[in-house]
Amino acid sequence: MKRLLFFIFPILVIVTAGLGLFGFLQVRSVEDKMTDDLRRKVTALAESIGASSRHIFISFQPHSAQRLVDSFDRRERLQGCALYDSTGRLLAISERMADWRNAGDPVLPKVLKHRRPEGDTLSFAGATLFVYASPVSDDNGRLLGIVEILHDTSYLYPVQTALWRRLSILLFAMTVLIVAVLFLMQRRLFTLPILRMADWFDRFQKGETDAPRPPSAQGELRLLADEVEQAALTLRVARKAIFKEATARVKKEDLWTESRLRDLVHARLGVSSFFVVSNREPYIHELNPPGPPRCVRPASGVVTALNPILKASGGTWIAHGSGKADFLAVNSKGKRGVPPEDPRYILKRVRLTKEEENGYYYGFSNEGLWPLCHVTHTRPVFREADWQTYKTVNRKFADAVLDELPVHKAFVFIQDYHFTLLGRMIKEKRPDVSVALFWHIPWPNPEIFAICPYYTEILDGMLGCDLLGFHVQVHCNNFLDTVNRLLECRVDTERFTVVRNEKETAVRSFPISVDDAMGRHLPEDGDTLREIDREYDLQGKIVAIGVDRIDYTKGIAERLHAVDRFLEKHPEYRDRFVFIQIGAPSRVHIKRYHDLGGEIDELVEKLNWKHSDGTWKPILYLKRHFTPDEIRPFYKRSDICIVSSLHDGMNLVAKEYVTARTDDNGVLLLSSFTGASRELSEAVPINPYATEEFADRIHQAVEMPESEKRRRMRNLRATVSEFNIYRWAGQIVSEWTALPPAG
Ligand code: F6P
């Protein structure tokens with residue numbers, strides 16, 4: 001539209017100026033003509049009265065003068081007339097112009113002086129008059145008197161106004177015509193050819209058309225079309241080649257690596273048919289004035305797990321663009337290549353309003369479903385308005401996904417509790433598309449889930465998917481129990497499927513993991529570790545670490561109480577033991593999270609005051625967002641890692657710690673209420689609620705013999721290495737593509 005205005009505006013200015021000038025000249029000419037007519041009419045009238053008044057002047061008969069004046073009084077548009085003697089003294093005047101005698105007539109003196117007719121347009125008593133005075137002389141040229149005519153001119157204005165109105169209508173009609181013609185011209189010459197070219201490129205890429213050329217474009221646009229055509233062809237050929245190579249390799253390999261996953265995805269899902277949807281985006285652009293936007297990686301289990309997969313397989317990740325500078329760093333369709341330094345897949349950002357983010361993310365997802373599923377004694381809150389917004393946002397994401405889907409074969413992998421309705425919404429429009437949803441948090445038992453007032457719609461939405469994944473079998477069982485009890489459906493506990501309205505959904509456990517190659521990227525020289533020791537005064541200290549989003553499910557306060565009890569029971573470790581808590585602020589607009597931040601600050605302060613001695617403080621609380629690269633050296637420096645979640649779907653910090661310990665050292669204390677505890681059996685198990693026992697476990701870890709530490713860590717590393725994130729994704733893709741075709 002802006003482009004169109006740019007085009008049309010100068011033309012409109014020229015046309016308007018031209019018509020305006022023409023109109024002005026036209027009105028002036030009409031006005032001159034009418035004034036001439038008036039003057040002629042008034043002159044004739046003055047002459048006629050002059051001829052009749054001659055004898056009156058000669059014989060000086062004021063009564064006759066008044067009669068003569070009155071006899072002309074009823075003429076159309078004539079306001080009146082007056083007779084003066086040769087000295088300019090008024091002899092007679094029309095009755096309704098009686099006040100004229102006091103008006104300071106400027107015309108009369110001129111006639112007396114020059115002895116010739118004079119006329120002028122004047123304002124009098126709110127009207128505009130044409131005043132014309134003419135001398136009357138005898139046969140010898142001696143001035144006898146003066147006749148003055150006062151004529152109304154107001155009838156001229158409506159004529160001028162009507163003229164202007166006609167010209168304005170003409171101008172408006174021409175403007176509309178010009179805009180319409182220009183709009184159609186630019187649409188035909190530019191917009192339509194470009195739209196057709198973009199549509200052809202999109203369809204050619206998605207495999208919806210095999211037409212080798214974009215629809216005809218002429219002139220300079222032909223050059224652009226030629227380039228587009230070449231780029232599309234190169235892209236398609238490259239994709240076909242990748243698919244063929246990948247299919248061949250998948251048959252050979254058996255170790256789960258980045259490249260094996262890439263091959264599997266390309267062979268089974270196709271090169272451009274893989275779509276991931278999550279609330280949290282993998283890269284956030286923040287404002288960073290006066291510099292360019294700064295790109296940060298959020299603290300999120302979903303991002304930790306999915307980012308290496310997308311980097312390996314390519315595809316499109318659709319997520320909420322939550323960063324302040326996010327939409328400054330995308331193209332016209334909200335997309336950009338990521339990682340920014342080496343783009344391997346496409347990130348499509350969905351824009352949400354503040355109200356939408358509030359109701360759907362903070363409200364329904366994190367004040368409702370999050371506490372409901374974690375069962376950590378924080379009461380879930382379900383508000384009708386939040387639920388409505390949650391539905392609206394699910395719909396918005398469904399539209400964003402549907403916009404991207406190719407015409408044939410596509411796989412949509414939805415993440416988490418933010419999108420329980422999305423699977424059903426996508427299937428309603430595209431039943432042929434295969435949809436899986438992975439649930440990253442625990443699934444509670446049916447009695448708990450039934451607390452949610454909207455459970456029917458949620459469960460029905462989830463069963464729109466072809467595959468549902470949970471971290472551990474017990475969550476699958478809870479889910480099957482829940483649908484069995486709360487919904488009309490058929491559960492097959494042999495095949496782990498649910499059938500509702502003839503649609504079958506498979507339910508499977510896939511324990512999520514991390515990229516086991518991650519630890520190998522650490523610098524080996526130890527400079528960074530010495531730097532950390534210096535900065536935080538850790539030389540010679542036993543270091544324990546906790547790394548979490550600040551969330552009430554993570555058991556951060558319970559951990560601090562256990563450290564407190566450990567130091568009470570073993571004072572010999574004062575001055576020798578430091579616990580570092582790295583805490584990324586999270587969901588701070590929710591009151592429970594806001595309060596939790598205050599509680600932890602207070603507790604850290606209290607315990608440091610209680611135990612500190614000189615410069616040593618037992619707890620180092622680093623409350624900010626750390627990037628994965630910043631965290632890894634802390635893992636490597638820490639003798640112990642404490643994961644004390646009160647309830648956790650998996651917990652990837654435990655696996656990240658193990659991965660970072662390339663030296664096979666370090667002890668992992670792991671809550672039995674995490675999904676990870678089922679795989680990582682060589683970790684030291686803890687019950688975060690049992691403070692006494694928890695403190696003893698810290699003591700056990702501190703005192704653990706070197707050989708035992710190494711044995712345990714080697715086994716942990718072997719587990720994480722075998723069950724890495726590529727295996728997780730590989731298992732999902734294999735199960736998913738083994739299901740009967742969607743639709
Ligand atoms: O792992 C569970 C989870 O909710 C993820 O879905 C999410 O990415 C992560 O925790 C962090 O939470 P948030 O995205 O709300 O900051």
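**Exercise 1. Find which oxygen contacts the ligand makes with Arg587, Ser300 and Tyr361, and how far its area is covered.**

Step 1. Start with Arg587: a polar side-chain atom of this residue lies 2.9 Å from an oxygen atom of the ligand. A polar contact here is a pair of N or O atoms within 3.5 Å.

Step 2. Turn to Ser300. An N or O atom in its side chain is 2.5 Å from a ligand oxygen. For Tyr361, the corresponding distance is 2.4 Å.

Step 3. Check the cover. On its own the ligand has 370 Å² of accessible area, and the protein covers 90% of it. Areas come from the Shrake-Rupley method with a 1.4 Å probe.

This is a predicted model: local features need pLDDT of at least 70, side-chain atom pairs count only at pLDDT 80 or more, and totals for chains, interfaces and linings use all residues. Residues are numbered from 1 along each chain as its sequence is written, and side-chain values use heavy atoms, with hydrogens and water left out.

**Exercise 2. List the residues around the ligand and sort them by class.**

Step 1. Take residues with a heavy atom within 4 Å of the ligand. They are Arg280, Ala299, Ser300, Val302, Tyr361, Trp370, Asp416, Tyr417, His418, Ile441, Arg549 and Arg587.

Step 2. Sort them. Ala, Val, Leu, Ile, Met, Phe, Trp, Tyr, Cys and Pro count as nonpolar; Asp, Glu, Lys and Arg as charged; the others, Gly among them, as polar. The shell has six nonpolar, two polar and four charged residues.

**Exercise 3. Describe how helix H7 meets helix H21.**

Step 1. Locate them. H7 spans residues 301-313 and H21 spans 725-738. Helices are DSSP runs (H or I, at least four residues); strands are E runs of at least two.

Step 2. Read the geometry. The axes, lines fitted to C-alpha atoms over the stretch in contact, come within 9 Å and cross at roughly 70°. H7 is therefore roughly perpendicular to H21 (65 to 115 degrees).

Step 3. Name the contact (heavy atoms within 4.5 Å). H7 gives Ala305, Leu306, Pro308, Ile309 and Ala312; H21 gives Ile725, Tyr726, Trp728 and Ala729. By class, nine are nonpolar, with no polar and no charged residues.

**Exercise 4. Locate the cis peptide bond between Val338 and Pro339.**

Step 1. Read omega: about -5°.

Step 2. Place Pro339: the loop between strand S10 (335-338) and strand S11 (345-350).

Notes:
Axes are lines fitted to C-alpha atoms, for helices over the stretch in contact, and angles run from 0 to 180 degrees between N-to-C directions. Angles under 35 degrees count as roughly parallel, over 145 as roughly antiparallel, 65 to 115 as roughly perpendicular and the rest as oblique. A polar contact is a pair of N or O atoms within 3.5 Å; within protein, one must be able to donate a hydrogen and the other to accept it, and residues adjacent in sequence count only if both atoms are side-chain atoms.
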